[in-house]
Amino acid sequence: MRTRIPVTASSLALVIATATPAHADEPVDCVLNLDTGALTCAPGAVASLTTTYTLARLYTASGYGGSSLTLEASTPCDTNSDVDHSWASLPSAFNDTVSSFTGYNNCQVKLFEHASYGGSSVGPATSMSYVGDAMNDEASSVQLS
């Protein structure tokens, strides 16, 4: 399934899409291009665009398993502690489903319980094989620093 949703650079947080696997137990992997707003989902790994940086990958199961959402953009994270990229609302197929994550290209991931960076949080961290009982299947927004 391929879904493309146009957004402007100032409204990247408005991306909403649904990923549905062909079989209910089959993991779906998605790539969200944060520059263009394009969300591409398919069973199995989705190839990333060569002109972008992979910033983070969020997984629906602990131990980096299940379906995944790859966050990518045209710029990597820098080494400062400030927020480099943020998304106030995860795509609907990944809202309240994240159990583990990995950051790439200098990015540290911070997950928030509610949209717009509210509620409890975990991170920032480069990776977590399990986000903990309090945040498991609770993340609705993310910041990368």
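The paragraphs below lead from the whole protein to the pairing of a few of its strands.

The structure shown is a predicted model, and its secondary structure consists of 11 strands with 0 helices. Read from the N terminus on, the order of elements is therefore a run of β and nothing else, β-β-β-β-β-β-β-β-β-β-β.

Taken as a whole, the protein has 145 residues, of which 43% count as buried, where buried stands for a relative accessible area under 20%. The area that the protein exposes comes to about 6,800 Å², and carbon and sulfur atoms supply 51% of that area. When the contacts with a separation of 6 or more are considered, 63% of them are accounted for by residues 24 or more positions apart along the protein.

With this general picture in mind, one can turn to strand 8, which covers residues 109-114 and pairs with strand 9, residues 118-125, in the antiparallel sense over 4 bridges. One of the residues in this pairing is H114, whose bridge partner in strand 9 is G118. Strand 8 and strand 9 form a hairpin with 3 residues between them, and in the turn S116 has a positive phi of about 60 degrees.

Strand 8 also has a second partner to follow, since 4 bridges join strand 8 to strand 11, made up of residues 141-144, and these two strands run antiparallel. Here K110 can serve as a point of reference, for its bridge partner in strand 11 is Q143. Strand 8 is thus paired with strand 9 and also with strand 11.

Conventions. Residues numbered from 1 in each chain as written. Predicted model: local features only at pLDDT ≥ 70, side-chain atom pairs only at ≥ 80, totals over all residues. Heavy atoms only, no water. Buried < 20%, exposed > 50% of the residue type's maximum accessible area, 1.4 Å probe, protein only. Contact = heavy atoms within 4.5 Å. Areas by Shrake-Rupley, 256 points an atom, 1.4 Å probe, with all protein chains shown as cover. Pairing = 2+ DSSP bridges.
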